[in-house]
Amino acid sequence: MRVLVVEDEPEVAEFLSRVLRDATWATDVVGTVAAAREQMAVVTYDLAVIDVGLPDGDGFTLCRDVRAAGNHTPILLLTARNAVSDRVRGLDAGADDYLAKPFAVSELLARLRALARRPVAAVAPILRCDSLTLDPALRAAERAGEPLTLTAREFALLEFLMRNAGRACSRARILEAVWDDNFDPVANAIDVLVGRLRRKVDLPGHRPLVRTIRGMGYMIDASDVS
């Protein structure tokens, strides 16, 4: 899961970033409406956390612009204002949920998990390929009924490959989907991660699913995908 945080207060932005990364979500942080528009135009996010008060506009306007562009990324608005009129304004602008500051971390994460569980066009709630099953909402995966013990990065990689089953995913695309902008990758980081995932997914006695496409990247075999 990749999350965009739009927050101009450095301390709050750092706090949100730390909380979300601790929850194993790749997180990008920007501080203006303009920067958020640029990011959302080139990166596909699973969730967005947007502060209402921003230096070059407000979260309400950003929400309207995002929806007008046909972007259906689930949006949680954050604000210090808790008036009913503000909540209504935010929801009418296209936000999916609204949380007033100060808030409990547990409530923030619960609301984001709830948004992540909502069905989105062209995104299956549970991904299946052969005997491999992945549930993004529960952050669980299993092969032939046996749970897979995956690190956060391995899970993110498997989810990305399964969402693109049958299509070769380049190392550049994998890097963008699985790591956030703070990651400075070593030369073979992706190959090492794929190798670890393959050892856990392609169990003895089962059809190999994680394939290397020479000169292109990696993919999940598309046979029997749902």
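## Setting the scene

Buried means under 20% relative accessible area, exposed means over 50%, and partly exposed lies in between (1.4 Å probe, protein chains only). The model is predicted, so local features need pLDDT of at least 70 and side-chain atom pairs count only at pLDDT 80 or more, while totals for chains, interfaces and linings use all residues. Residues are numbered from 1 along each chain as its sequence is written, and side-chain values use heavy atoms, without hydrogens or water.

With that settled, here is the overall picture. The chain contains 8 helices and 13 strands, taken as DSSP runs (helices H or I, at least four residues; strands E, at least two) numbered from the N terminus. Of its 226 residues, 44% are buried. Among contacts (heavy atoms within 4.5 Å) with a separation of 6 or more, 59% join residues 24 or more positions apart.

## Salt bridges across the chain

A salt bridge here needs a side-chain nitrogen of Lys or Arg within 4 Å of a carboxyl oxygen of Asp or Glu. How many salt bridges does this rule give? The count is 16.

One of them pairs K101 with E7, whose closest N and O atoms are 3.2 Å apart. This pair links distant parts of the chain, 94 residues apart. K101 sits in the loop between β7 (97-100) and α5 (105-117), and E7 in the loop between β1 (2-6) and α1 (10-22). The two partners have their own surroundings: E7 is buried, with a relative accessible area of 3%, while K101 is partly exposed at 23%.

## Salt bridges on helix α6

Helix α6 takes part in a salt bridge between E154 and K200, where the closest N and O atoms are 2.7 Å apart. Because E154 lies in α6 (residues 152-163) and K200 in α8 (residues 189-201), the bridge ties together parts that are 46 residues apart in sequence. E154 is buried, with a relative accessible area of 1%; K200 is partly exposed, with 28%.

R163 and E159 also meet in a salt bridge, with a distance of 2.9 Å from N to O. Both belong to α6, where they are 4 residues apart, so about one helical turn separates them. Is E159 buried or exposed? E159 counts as buried, at 4% relative accessibility, whereas R163 is partly exposed, at 29%. Elsewhere, salt bridges that share partners join D130, R143, D202, R207 and D221 into one network.

## How α6 meets α7

Next to these bridges comes a helix pair. The axes of α6 and α7 (residues 171-178) come within 10 Å and cross at roughly 125°. Axes are lines fitted to C-alpha atoms, for helices over the stretch in contact, and angles run from 0 to 180 degrees between N-to-C directions. That angle makes α6 and α7 oblique to each other: under 35 degrees counts as roughly parallel, over 145 as roughly antiparallel, 65 to 115 as roughly perpendicular, and the rest as oblique.

Which residues make the contact? From α6 they are R153, A156, L157, F160 and L161, and from α7 they are R173, I174, A177 and V178.

## Helix α2 and its two sides

Helix α2 (residues 33-42) has the buried residues V33, A36, Q39 and M40. Seen down the axis of α2, these fall within an arc of 125°, so they line one face of the helix; the arc is that of the directions from the helix axis to the C-beta atoms. On the other side of α2, E38, A41 and V42 are exposed. The cover over the buried residues of α2 includes β1, β2 (26-30), β3 (47-51), β4 (53-54), β5 (57-58) and α3 (59-68).

Helix α3 also packs against α2, at an angle of about 25° and with the axes 10 Å apart. The two helices are therefore roughly parallel. In this pairing, V33, A36, R37 and M40 of α2 meet T61, L62, D65 and V66 of α3.

## G94 and its link to T61

One of the α3 residues just named, T61, is also part of a spacing with G94. G94 belongs to the loop between α4 (84-92) and β7. The C-alpha atoms of G94 and T61 are separated by 9.5 Å, although the residues are 33 apart along the chain. Is G94 buried or exposed? G94 is buried, with a relative accessible area of 18%.
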